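Here are my notes on the model you sent. Please read them with the sequence and coordinates open.

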Amino acid sequence: MNTKIIFISLLFTLNVYIVRTDELQVSPELQILPCNYKSASVLPTFTHRNIKYAILSREAYGITKRYKYDDFSGGRDKGEINPLDTASREFLEEGILQEALGWNFENTKTFVNENSWAVISYSKEKNKLYAKNNSIKNVTYIVNFNQHKTDLFNNFYDARNKEKARYDKHRIAKRHRHTTEKDRIAKVRWSDLKNAIINQKHRQDPVYVCAQIMDPLSRLFYKRLITLRPFLVIKLRPFFLDQPYEEGENEKIRHYSE
């Protein structure tokens with residue numbers, strides 16, 4: 001085989017390899033966000049009768065955050081280098097997805113990666129004038145949860161009861177009960193969530209929004225005014241206000257900084 005034929009053969013092989021890599025390449029969210037993040041979360045959304053909703057859950061523990069509603073969020077664990085890993089783990093744990101949906105970590109990570117319609121990266125530098133003020137770096141994956149919303153609502157409380165019984169049996173301390181950190185699940189109209197956040201007059205003011213909470217006994221929804229966890233308000237405000245942002249390698253990704 002002469003040199004020209006060898007070159008053409010190698011070039012053809014290289015082109016085939018590039019095409020296949022592009023076809024198999026995961027969504028850019030896995031690669032583009034910086035690794036200096038401190039926390040991450042998943043905010044599930046769905047549409048019913050042309051109305052968009054967000055799914056929120058209530059914090060069961062904690063002095064300052066107890067009984068406030070939040071997305072499925074938490075801090076970065078040791079060894080985690082990608083916000084997608086942290087967000088997926090938190091969603092798996094707090095949504096009790098292993099029991100409720102039969103998912104494991106890889107299922108959850110794949111779902112979040114493939115169904116995120118917006119990725120909000122929010123950062124705020126430490127204010128040196130305040131000793132207790134810390135820098136913030138959070139990444140929130142807003143996902144389309146249409147196909148799984150019914151199963152999550154139907155199975156969440158049974159899954160939590162099962163996990164609680166397991167923890168009680170083995171006398172596990174509350175700080176290690178990761179799958180029972182949330183004790184209520186609710187749906188909130190997206191427009192109501194947006195309006196409640198952008199209409200907050202002072203950042204220290206609590207933010208309330210009308211929600212439909214699923215009762216853990218009757219499994220029926222009832223309306224109630226709920227309190228949002230402050231950090232949920234802080235990190236979503238720039239997105240809802242459509243403030244200037246730096247676009248990531250993917251148009252879905254927005255980097256906000258204050």
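The points below cover one helix and the nonpolar cores.

1. The model is predicted: local features need pLDDT of at least 70, side-chain atom pairs count only at pLDDT 80 or more, and totals for chains, interfaces and linings use all residues. Residues are numbered from 1 along each chain as its sequence is written, and side-chain values use heavy atoms, with hydrogens and water left out.

2. Helix H3 spans residues 83–94; helices (H or I, at least four residues) and strands (E, at least two) are DSSP runs, numbered from the N terminus. From first C-alpha to last, H3 reaches 16 Å, close to the 16 Å expected (1.5 Å times one less than its number of residues).

3. Of the 12 residues of H3, 12 are buried, so the helix is largely enclosed by the rest of the structure. Buried means under 20% relative accessible area (1.4 Å probe, protein chains only). Charged residues are included, among them Asp-85, Arg-89, Glu-90, Glu-93 and Glu-94.

4. At the start of H3, a side-chain oxygen of Asn-82 comes to within 2.8 Å of the backbone nitrogen of Leu-84. Just after the helix, Ile-96 has a positive phi of about 50°.

5. The largest nonpolar core (buried Ala, Val, Leu, Ile, Met, Phe, Trp, Tyr and Cys joined through side-chain atoms within 4.5 Å) has 31 residues. Those touching the most other members are Ile-55, Val-112, Tyr-141, Phe-145, Leu-152 and Ile-185. Elements giving two or more residues include H3, strand E2 (51–59) and helix H6 (149–169). H6 gives the most, with 5 residues.

6. Apart from that core lies another, of 26 residues, including Tyr-122, Ile-142, Val-188 and Phe-239.

Note on methods:
Buried means under 20% relative accessible area, exposed over 50%, partly exposed in between (1.4 Å probe, protein chains only). A polar contact is a pair of N or O atoms within 3.5 Å; within protein, one must be able to donate a hydrogen and the other to accept it, and residues adjacent in sequence count only if both atoms are side-chain atoms.
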